[in-house]
Amino acid sequence: KENIYILGIESSCDDTSAAVLCNDRILSNVVADQRIHAEYGGVVPELASRAHQQNIVPVVHQALEKANITKEQLSAIAFTRGPGLMGSLLVGTSFAKSLAYGLGIPLIDVNHMQAHILAHFIDEDNHKKPLFPFLALTISGGHTQIVKVSHHFEMEVLGETIDDAVGEAYDKSGKVLGLGYPAGPEIDRRAQLGNPKAYKFTKPKVDGLKFSFSGLKTGILYFVQRETKANPNFVEENLNDICASIQYTIIGILMDKLKLAVKQTGIKHIAIGGGVSANSGIRKALKDAENKHGWTTYIPKFEYTTDNAAMIAIVGYLKYLKKDFSYFDVMATARLKI
Ligand code: KG4
Ligand code: ZN
């Protein structure tokens, strides 16, 4: 059987990424993250699209070179159509169209949120692929969703955030604590050195499988303001404990909702995806739930958690098998739904 080579392109937010897949195996996965945003404490859309334009050709070139194939060997080009920042999406979309058109090969549009889930179908040593049906918890800087996945492209959002995403809760709490952007990894690192029960933050009260994180963010802000008034060095002196307590609260919220989703659906196979699935706390909580509740959990390899093109390429491969190709007038869609 002939090998299928897919080039995946991801440019939805602040990472420019290109990956090459041979069937469902990754040959290369190159990510250029944009350090420029750290200075501003968050992603600046205008700067992000400019950086994508600067990075896209070198990143694609590197991905092909690392994969040791030429562009003429490619079977199809897969790209992120949305959701994401419009200016960023336009760069990847236009580039993917031009390249596919030039090479005379199929173009495949990919939903970024589906890709965070379907990254689990990349063939990796020591990684089991999820069995259908399973529940996916997708947690990133832009999204927080619980999705019922009946088949690769049969997905139903059971619940999502009504305000901030969980990654935003991490990043905004980090800002209050004077940490750099993105703060998620730093809070996670410090959380492992602190006492998770040192401080108590209120969990939001939202119905069913909906999430809310904006109240928590404000709660943390007021807490820090109050304590700093009493002791100006409060944050410095207790940073690890504060981080541990924030992480404990957030993981508690996520696990409560997952338990409810399992109860409602009877599905005990759980996969996680998105930038926050790199978090040590959620990984540990899921492992514990395997023993405690009899769940089967699927935790992605580290490099497939934050935004990357390998996950776009695997969706491209799965769609290629179905001959589910895009028309060349397909448009980037900032609010694309699953
Ligand atoms: O999926 P992603 O790369 O981009 C979006 O699509 O949003 O996710 C980025 C988010 C950021 O908010 C970042 O702080 C968070 O993922 N993140 C983490 C960790 N690593 C990245 N949050 C908590 N713990 C981590 N270890
Ligand atoms: Zn993402």
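# Exercises on a two-domain chain

The buried residues of α4 are covered by elements that include β6 (134–139), β7 (144–151), α5, α6 (214–230) and α7 (234–265). The model used in these exercises is a predicted one.

## Exercise 1: Helix α4

Task: State how many residues of α4 are buried, and name them.

Solution.
Step 1. Count the buried residues: α4 has 11 residues and nine of them are buried, so the helix is mostly covered.
Step 2. Name them: the buried residues are Val166, Gly167, Glu168, Ala169, Tyr170, Asp171, Lys172, Ser173 and Gly174.
Step 3. Look past the helix: Gly178 follows α4, and its phi is positive, near 80°.

## Exercise 2: The overall form of the chain

Task: Find what radius of gyration a compact globule of 338 residues would have, and set the value for the chain beside it.

Solution.
Step 1. Take the expected value: for 338 residues, a compact globule would have a radius of gyration near 20 Å.
Step 2. Compare: the chain has 20 Å, which agrees with that expectation.
Step 3. Add the outline: along the principal axes, the C-alpha atoms fill a box of roughly 65 × 45 × 30 Å.
Step 4. Add the make-up: the chain holds nine helices and 10 strands, and 49% of its 338 residues count as buried.
Step 5. Consider sequence separation: of the contacts between residues at least 6 apart in sequence, 75% join residues at least 24 apart.

## Exercise 3: The two domains

Task: Give the bounds of the domains and describe the side of domain 1 that touches domain 2.

Solution.
Step 1. Read the division: domain 1 covers 5–120 + 305–321, and domain 2 covers 130–300.
Step 2. Place them: their C-alpha centres lie 27 Å apart.
Step 3. Count the residues in the contact: 15 come from domain 1 and 22 from domain 2.
Step 4. Find the main contributor on the domain 1 side: helix α3 (residues 112–118) gives the largest share, five residues.
Step 5. Sort that side by class: seven residues are nonpolar, eight are polar and none is charged.

## Exercise 4: The shell around ligand 1

Task: Determine how many residues surround ligand 1 and which elements give two or more of them.

Solution.
Step 1. Count: 19 residues surround ligand 1, and the closest are Gly141, Gly167, Gly184, Gly275 and Thr306.
Step 2. Assign to elements: α4 (166–176) and α5 (184–191) each give two or more residues to the shell.
Step 3. Sort by class: the shell has seven nonpolar, nine polar and three charged residues.
Step 4. Assign to domains: domain 1 and domain 2 each supply at least three residues of the shell.
Step 5. Link back to Exercise 1: Gly167 is one of the closest residues to the ligand, and Gly167 is also among the buried residues of α4.

## Exercise 5: The nonpolar cores

Task: Name the residues that touch the most other members of the largest nonpolar core, then list the contacts of Ile77.

Solution.
Step 1. Start with the core: it has 87 residues, of which Ile77, Ala313 and Ile314 touch the most other members.
Step 2. Find the largest share: α7 provides 11 residues of this core.
Step 3. Check the domains: the core draws at least three residues from each of domain 1 and domain 2.
Step 4. Follow Ile77: leaving aside residues up to four places away in sequence, Ile77 touches Leu7, Ile9, Ala96, Leu99, Ala100, Ile105, Leu107 and Ile108.
Step 5. Note the other core: a second, separate one has seven residues, including Ala48, Leu85, Leu89 and Ala332.

## Exercise 6: Unusual backbone geometry

Task: Locate the cis peptide bond at Pro133 and the one at Pro182, then describe Asn23 and Asn126.

Solution.
Step 1. Recall the usual case: most residues other than glycine have a negative phi, and most peptide bonds are trans.
Step 2. Take Pro133: a cis bond joins Phe132 to Pro133, with omega about -10°, and Pro133 is in the loop between α3 and β6.
Step 3. Take Pro182: the bond from Tyr181 to Pro182 is cis, with omega near -10°, and Pro182 is in the loop between α4 and α5.
Step 4. Take Asn23: its phi is positive, near 55°, and its place is the loop between β2 (15–22) and β3 (25–33).
Step 5. Take Asn126: its phi is positive, near 65°, and it lies in the loop between α3 and β6.
Step 6. Judge exposure: Asn23 has 16 other C-beta atoms within 10 Å, so it is partly exposed, while Asn126 has 5 within 10 Å and is therefore exposed.

Note on methods: Residues are numbered from 1 along each chain as its sequence is written. Chains are lettered from A and ligands numbered from 1 in the order in which they are written. This is a predicted model: local features need pLDDT of at least 70, side-chain atom pairs count only at pLDDT 80 or more; totals for chains, interfaces and linings use all residues. Helices (H or I, at least four residues) and strands (E, at least two) are DSSP runs, numbered from the N terminus. The radius of gyration is taken over C-alpha atoms; the globule rule is 2.2 Å times the number of residues to the power 0.38. A residue is buried if 20 or more other C-beta atoms lie within 10 Å of its own, exposed if 12 or fewer, and partly exposed in between; C-beta atoms are placed from the backbone. Two residues are in contact if their C-beta atoms, placed from the backbone, lie within 7 Å. A residue is near a molecule or strand if its C-beta atom, placed from the backbone, lies within 6 Å of it. Ala, Val, Leu, Ile, Met, Phe, Trp, Tyr, Cys and Pro count as nonpolar, Asp, Glu, Lys and Arg as charged, and the others, Gly among them, as polar. Domain bounds come from an automatic or database domain assignment. A nonpolar core is a set of buried Ala, Val, Leu, Ile, Met, Phe, Trp, Tyr and Cys residues joined through C-beta atoms within 7 Å.
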